[in-house]
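Let's take a walk through this one together. Pull up the viewer, and we'll stop at a few places along the way.

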Amino acid sequence: MKDKDILLAEKKEEECGIFGIYYNDGCDDAHGEGATAAARLTYYALYALQHRGQDSAGIAVCNNGEISYYKDVGLVPEAFNDAIISSLSGDSAIGHVRYSTTGAGTAENAQPLVVKYMGGQMALAHNGNLVNISNIKKRLEEKGAIFHTSSDTEIIASMLSMKIAESKSVKKAIIETMKEIEGAYSLVILADKKLIGVRDPWGIRPLCLGRLKNSYIIASESCALDAVEAEFIRDIAPGEVVIIEDNGIEYMQVKSTGREGICIFEFVYFARPDSVIDGASVYMARYEAGRQLAEEHPVRADLVIGAPDSALVSALGYSTQSGIPYGQGLLKNRYVGRTFIQPEQRQREASVSIKFNAIKSEVDGKSIVIVDDSIVRGTTTRRIVKMLRNAGAREIHMRISSPPVKFPCFLGIAMSSKEQLVASYHSREEIREMIGADSIGFLNLEGLVKTLKGIKCGLCTGCFNGDYPL
Ligand code: SF4
């Protein structure tokens, strides 16, 4: 188990953030640094996507068809420095931040993945998880493919390479590959002097398109466009491929399933609140979830607090709707990173205190509503409740801004077995007793879906009700 798994033992982890830029604004513009402008902008955008993965970071650039890259384990500022960015010259770039759900969190498994194919080189960065990789891997191995990593991204790269060799066309190879792979995949690819964005036909992971003057950008979330002062154009549609090159931009709707489903957890937990995904504001979704929660599960209390950071907006919504004052009862230590030394089993209880602390003066003697975004395993929630009790809270009412997580996720989130999910084998009352709260209330699914005002895509709600889009 990794350090952050210990400290956030019940949390879900997103597996990646991706970014790509086709830089078309010359060498002497405001972004300076001439030929490294694409790499620099990618570096800044990866900072904005850091919440989507902290295990490794990487950037690949294309300079007249030649690809160079750098990737390493760690956060973006740990993996990169100015000298490294200055060595990455090219007019297009892709970048990746990774949380490893398949394949270990090592430098070899870091992305972008750079491979050679007949007549060229390709760099590829992937957010998602394929569900039919064992069949595909077997077929490719029978055709002579050799795999060096345990990541399903390598399977996609290998299939693309073979199909480019067969068809002599990157475009055709992508279309053919999309017919065979199933699961969640948002991709950015550098190949054949093109920047290509691909979103799987179910649209499970987000992907959007932006513009910075004459340059085009593809990113996991709109907050990455904001970070480089680019303008949002639109979301890339499920099953759509966007190809950007010197001649301009081409859109292809390659495959439709009739059953689109963006992961609803993007709104509950993964995405940054300042992002807008498929037409819905993440901030507004969380705020409305808090308001809805107060309607569904009212309680008399002195103070509403949120579990930092992802539940703070929902706690504000709960406070507004209920009229109970909002405060900060828990503090999060922002400096506990991936280099934190893993505690022994017996020290794990204490390790939560390194990550969080209760503010005694705020909670002492009070009846507290604490809002969290979800309960997966329940371990951290129990420790937080205990921490608030120790700080003198008189009553603790746990309110969860999503329904109980009862089913595993096969689409790239690290909760792949039912045994890990406390709500799949315990009633709400049993969970309340287990975490030591005075009451518990979960937002129902209908209420959660209502919070996604303006959403233009169907939803995957699989982990709440077992209804997966594929
Ligand atoms: S099962 Fe849950 S976490 Fe997985 S993609 Fe669907 S909504 Fe997201």
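How do the residues of the shell around the ligand divide into nonpolar, polar and charged? Keep in mind that you're looking at a predicted model. The shell around the ligand has ten nonpolar residues, one polar and one charged. If you want to click through them, Arg 205 is on the list, followed by the run Cys 263, Ile 264 and Phe 265. Then come Cys 409, Leu 411, Ile 413 and Met 415, and the list ends with Cys 460, Gly 462, Cys 463 and Tyr 468. The charged one is Arg 205 and the polar one is Gly 462, because Arg counts as charged and Gly as polar in this scheme.

Now zoom out. The protein is split into domain 1, covering 3–260, and domain 2, covering 281–456. Taken over C-alpha atoms, the centres of domain 1 and domain 2 are 33 Å apart.

Next, some helix packing. Helix H5 (residues 133–142) and helix H6 (residues 152–167) have axes that come within 10 Å and cross at roughly 45°. H5 and H6 are therefore oblique to each other, and H5 passes H6 in a left-handed crossing. On the H5 side, the contact uses Ile 133, Ile 136, Lys 137, Arg 139 and Leu 140. H6 answers with Asp 152, Ile 155, Ser 158, Met 159 and Met 162. Sort the residues of this contact by class and you get six nonpolar, one polar and three charged.

Stay with H6, since it also packs against helix H7 (residues 170–180). Here the angle is about 130° and the axes are 8 Å apart, which makes H6 oblique to H7. The crossing of H6 and H7 is right-handed. From H6, the residues involved are Met 159, Leu 160, Lys 163, Ile 164 and Ser 167. They meet Val 170, Lys 172, Ala 173, Ile 174, Glu 176, Thr 177 and Glu 180 of H7. By class, that contact has six nonpolar, two polar and four charged residues. Met 159 is worth a click: it's listed in the contact of H5 with H6 and again in the contact of H6 with H7.

Another helix pair to look at is H10 (residues 282–296) with H11; H11 spans 312–322. Their axes come within 7 Å and cross at roughly 45°, so H10 is oblique to H11. H10 passes H11 in a right-handed crossing. Among the H10 residues in this contact are Tyr 283, Tyr 287 and Leu 293, while those from H11 include Val 313, Leu 316 and Tyr 318. The residues of the contact divide into eight nonpolar, six polar and three charged.

Finally, a few backbone details in the loops. The peptide bond from Gln 111 to Pro 112 is cis, with omega near 5°, and Pro 112 sits in the loop between strand S4 (92–98) and strand S5 (113–117). There's also a cis peptide bond from Pro 308 to Asp 309, with omega near -5°. You'll find Asp 309 in the loop between strand S17 (303–306) and helix H11. Asp 192 has a phi near 55°, a positive value in a residue other than glycine. Look for Asp 192 in the loop between strand S7 (183–191) and strand S8 (194–199).

Methods
Residues are numbered from 1 along each chain as its sequence is written. This is a predicted model: local features need pLDDT of at least 70, side-chain atom pairs count only at pLDDT 80 or more; totals for chains, interfaces and linings use all residues. Side-chain values use heavy atoms; hydrogens and water are left out. Axes are lines fitted to C-alpha atoms, for helices over the stretch in contact, and angles run from 0 to 180 degrees between N-to-C directions. Helices (H or I, at least four residues) and strands (E, at least two) are DSSP runs, numbered from the N terminus. Angles under 35 degrees count as roughly parallel, over 145 as roughly antiparallel, 65 to 115 as roughly perpendicular and the rest as oblique. A crossing is left-handed if the near helix is turned anticlockwise from the far one by less than a right angle, and right-handed if clockwise. Contact means heavy atoms within 4.5 Å. A residue is near a molecule or strand if one of its heavy atoms lies within 4 Å of it. Domain bounds come from an automatic or database domain assignment.
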